[in-house]
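Please open the model in your viewer and keep the selection tool at hand. The stops below are meant to be taken in order.

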Amino acid sequence: MTKQTKTIKFMLFLLIIIPIILFSVGIIQTFVLKSKQNELANANYVLDQKLQTEQELQNEADYKSSDEYKDEYQKYFNNKSKDEDILVKKR
């Protein structure tokens, strides 16, 4: 009889402890997942910023390699037109 009582007490103890442990693990997992979700959101934001910067730099590089940029450069910095004529600035 005492063995049965001890066994029943042990089983009740386990039935109380197991849900407490599972509940604690669930709470910890929730905080860990929220932390990881925030890290992912931050990484995605940084990635978007880097992609936008890359796109802007690519657009600038494409413009600088275009004929339009070369014409503008000649016009404003060398005072020459497309035909290599020297332009005279009016004051």
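Begin by selecting K64, which counts as partly exposed at 42% relative accessibility, in a model that is predicted. Add E60 to the selection, and you will see that the side chains of E60 and K64 meet in a salt bridge, with 3.2 Å from N to O. Because these two residues are 4 apart in helix α1, about one helical turn separates E60 from K64. E60 is partly exposed too, with a relative accessibility of 39%.

Next, move along helix α1, which covers residues 2-64, and select K36 together with E39. Here the side chains of E39 and K36 form a salt bridge at 4.0 Å, N to O, and the two residues, being 3 apart in the helix, are again separated by about one helical turn. K36 is partly exposed at 49% relative accessibility, while E39, with a relative accessible area of 45%, is partly exposed as well. The count of salt bridges in this model comes to 2.

Now go to helix α2, made of residues 67-77, and select D67, which lies in this helix. D67 is exposed, with a relative accessible area of 55%. Extend the selection to E68, D71 and E72, since together with D67 they gather in a patch of negative charge on the surface.

Finally, show the whole chain, which has 2 helices and 0 strands. Of its 91 residues, 0% count as buried, and its accessible surface comes to about 8900 Å², of which 62% belongs to carbon and sulfur atoms.

Note on methods:
Residues are numbered from 1 along each chain as its sequence is written. This is a predicted model: local features need pLDDT of at least 70, side-chain atom pairs count only at pLDDT 80 or more; totals for chains, interfaces and linings use all residues. Side-chain values use heavy atoms; hydrogens and water are left out. Patches are made of residues with over 30% relative accessible area and no salt bridge: like charges are joined within 9 Å, nonpolar side chains (Val, Leu, Ile, Met, Phe, Trp, Tyr) within 5 Å. Accessible areas come from the Shrake-Rupley method with a 1.4 Å probe; for residues, only the protein chains shown count as cover. Lys and Arg count as positive and Asp and Glu as negative; His and the chain ends are not counted. The place of a charge is taken as NZ of Lys, CZ of Arg, CG of Asp or CD of Glu. Buried means under 20% relative accessible area, exposed over 50%, partly exposed in between (1.4 Å probe, protein chains only).
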